[in-house]
Amino acid sequence: MTQTPPPLEHGHWAQRLQAEAARADGPAPPLPGRILRAKLGYNPNSSSIGSLISVLLWSSAFAAVAINILQGVVARQALGAHPRPALPSAGDQHSEATAGSAGETVADERPS
Amino acid sequence: MKVRVEDFGAIVAIDDPPALLHVDPTMARALGAQGEARWASPRGWLSAPTEVHVLVTERCPAGCPSCYVGATPDGPERPKEEVMRALQRLADAGVFHVALGGGESILREDLWEIAAYARALGLVPNLTTSGMGMTARVAERCRVFGQVNVSLDGLGTVYQASRGYDGAAGALRALRLLAEAGVSCGANTVLCHRTLPGLPALLAALEKVGAHEVELLRYKPTGRGTRDYEERALHEAEARALLPTLLAMAQRHPSLNLKIDCSFVPFLCAADPPLELLERFGVIGCEAGNVLAAVRADLQATPCSFIEAPIGGVDVLVDAWDSDATLLRWRAYHEREAPEPCASCPYRTLCKGGCKAVSVHVHGDPFHPDPECPRVRAWNRGETFVAVPLTPNGGHPHARQ
């Protein structure tokens with residue numbers, strides 16, 4: 001008997017991201033720029049680095065949706081963490097050549 | 001949320017859901033990062049590891065014949081103050097995650113202080129354990145960790161064949177206790193010729209106890225694991241079929257995250273998976289000395305847990321990260337040194353030559369192409385490599401639009 005495979009986008013991370021999108025209260029604040037790569041989850045293995053292969057079951061369309069959901073998560077969390085100054089609007093493009101601070105920073109929420 | 005400037009923009013670490021996101025400079029700036037200097041003069045490697053594996057002890061009574069650190073019941077460990085100082089240096093460098101392991105880490109009574117200290121530093125501590133000594137109380141305390149994985153290679157006789165004793169029931173019990181305590185948990189499973197047949201039963205058991213992840217680890221010939229490496233390594237046919245086999249299992253167990261470790265990437269690539277998708281979701285091969293580094297129980301640093309020769313103390317990972325000759329060579333391998341067939345492999349930039357620990361054991365040279373890689377095997381026989389179909393019907397599941 002041939003068993004019908006479950007829908008391809010079902011899977012722990014697909015469901016988690018879909019739930020994340022569903023729980024969002026309205027659209028995410030605009031956040032310019034792109035997520036280039038997403039490494040999902042932790043690596044509780046003290047000898048080597050793990051990579052999620054279930055993503056190979058995702059359609060290209062859902063892979064793009066997943067990145068968009070993560071961008072929304074970052075935008076919401078950033079808005080909570082840095083209420084001022086306001087995030088630039090989506091159309092506010094920065095120039096790569098703009099001379100800013102020469103320093104490199106690690107911005108985080110650790111108490112000083 | 002933590003934001004760390006990198007050549008390409010920044011890495012953003014979030015905890016809910018847990019993820020490390022590479023973002024471009026535009027987003028990095030919007031998140032408060034100031035990286036113009038680095039973006040103008042990229043170095044070609046990360047500013048620090050994203051995660052460091054820290055062996056907090058080499059003490060363990062289990063005596064597994066394949067233990068890669070050769071742990072013993074009275075194995076050494078450093079005082080907590082020294083471990084904490086090492087963690088402080090790693091946090092200062094901008095490391096995001098530390099994976100604590102051993103030996104059996106839970107045997108350290110001060111493990112909880114060490115983990116709490118890591119949290120206070122802004123590091124996310126994760127844990128590998130055999131599950132030995134896990135109680136409801138210990139499971140509750142494990143909530144300090146981002147995730148806990150229990151070593152579990154199979155059920156019953158499979159576990160016995162892998163580790164020399166049957167600890168499967170204890171490991172499953174530990175996972176159930178962790179899940180009941182609300183701790184994100186999964187299994188670390190050494191996938192070798194002995195354990196592969198038991199994988200379907202193991203995945204079913206993991207789902208039942210509430211684990212949400214299984215990370216499959218290739219058998220590596222280090223520590224006591226050198227003794228029966230030839231017998232335990234996956235056979236070529238098993239290695240070639242690995243990805244389609246695992247994807248079929250992933251479809252049958254959708255609640256489980258199926259992960260492979262970095263050393264399995266050459267096998268994964270035998271099915272010609274889409275490189276862009278692998279890169280987009282952070283599938284990585286040998287990133288020793290770049291994405292990851294390791295700290296042994298004597299607090300000496302190595303590029304990877306399976307490489308025994310240290311490069312110095314933890315300070316090397318911080319103060320000499322951009323200048324240490326060993327680290328620089330490991331990072332540059334795929335660009336400068338890779339011999340054929342790696343040099344012309346389409347997955348070279350991802351795989352980076354396969355597992356260097358295996359190459360050290362077989363060839364005495366970490367920079368020799370991974371001898372178990374299906375492409376390397378075909379090359380050595382003078383054959384043209386032919387990729388295996390990704391699914392039983394020969395199609396690529398991701399191609400469905």
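**Helix faces, helix packing and backbone features in chains A and B**

For helix H1 of chain A (residues 12-23), a rise of 1.5 Å a residue over 12 residues leads to an expected span of 16 Å, and the end C-alpha atoms are 16 Å apart, in agreement with that value. The model examined here is a predicted one. Four residues of H1(A) are buried, namely A:Trp13, A:Ala14, A:Leu17 and A:Glu20. These residues cover an arc of only 125° around the axis and therefore lie on the same side of H1(A). The general geometry of the α-helix is relevant here: with 3.6 residues a turn, residues three or four places apart point the same way. The other side of H1(A) carries A:Ala22 and A:Arg23, both of which are exposed.

The secondary structure of chain A consists of 2 helices and 3 strands. Read from the N terminus, these elements follow the order α-β-β-α-β. Chain A has 112 residues, of which 43% count as buried. Among the contacts in chain A with a separation of 6 or more, 81% are between residues 24 or more positions apart.

A:Pro44 is located in the loop that links strand S1 (35-40) to strand S2 (50-52) of chain A. This proline has a relative accessible area of 0% and is therefore buried. When neighbours within four places in sequence are set aside, the contacts of A:Pro44 are with residues of chain B: B:Asn126, B:Leu127, B:Thr128, B:Gln147, B:Val148, B:Asn149, B:Asn188 and B:Glu213.

A further contact between the chains involves B:Glu279, a residue of helix H13 (residues 275-280) of chain B. With neighbours within four places in sequence again left out, B:Glu279 is in contact with A:Arg37 as well as with B:Thr349 and B:Leu350. The relative accessible area of B:Glu279 is 27%, so this residue is classed as partly exposed. B:Glu279 is separated from B:Cys269 by 10 residues in sequence and by 12 Å in space, C-alpha to C-alpha.

Within chain B, the packing of two helices was examined. In general, such a pair is described by the angle between the axes and the distance between them. Helix H3 (residues 80-93) and helix H4 (residues 111-120) of chain B pack at an angle of about 20°, and their axes are 10 Å apart. Angles under 35 degrees count as roughly parallel, and H3(B) and H4(B) are therefore roughly parallel to each other. Their crossing is right-handed. On the H3(B) side, the residues that meet H4(B) are B:Lys80, B:Val83, B:Met84, B:Leu87 and B:Gln88, and their counterparts in H4(B) are B:Glu113, B:Ile114, B:Tyr117 and B:Ala118.

The buried residues of H4(B) include B:Ile114 and B:Ala118, together with B:Leu111, B:Trp112 and B:Ala115. These five cover an arc of only 160° around the axis, which places them on the same side of H4(B). The elements of chain B that cover the buried residues of H4(B) include H3, strand S5 (97-101), strand S6 (124-129) and helix H5 (136-141). Just after H4(B), B:Gly122 adopts a positive phi of about 90°.

Two cis peptide bonds in chain B are described here. The bond from B:Asp16 to B:Pro17 is cis, with omega near 0°, and B:Pro17 belongs to the loop between strand S2 (9-15) and strand S3 (18-23) of chain B. The bond from B:Gly102 to B:Gly103 is likewise cis, with omega near 25°; B:Gly103 is in the loop between S5 and H4 of chain B.

Positive phi values also occur at residues other than glycine. B:Leu299 has phi near 65° and is situated in the loop between strand S11 (292-295) and strand S12 (300-302) of chain B. With a relative accessible area of 10%, B:Leu299 is buried. For B:Lys352, phi is near 60°, and this lysine is in the loop between helix H16 (348-351) and helix H17 (356-363) of chain B. B:Lys352 is also buried, its relative accessible area being 11%.

Methods
Residues numbered from 1 in each chain as written. Chains lettered and ligands numbered in written order. Predicted model: local features only at pLDDT ≥ 70, side-chain atom pairs only at ≥ 80, totals over all residues. Heavy atoms only, no water. Expected span 1.5 Å × (residues − 1). Buried < 20%, exposed > 50% of the residue type's maximum accessible area, 1.4 Å probe, protein only. Arc of directions from axis to C-beta. Axes fitted to C-alpha atoms, helices over the stretch in contact; angles between N-to-C directions. Parallel < 35°, antiparallel > 145°, perpendicular 65-115°, else oblique. Left-handed = near helix turned anticlockwise from the far one by under 90°. Contact = heavy atoms within 4.5 Å.
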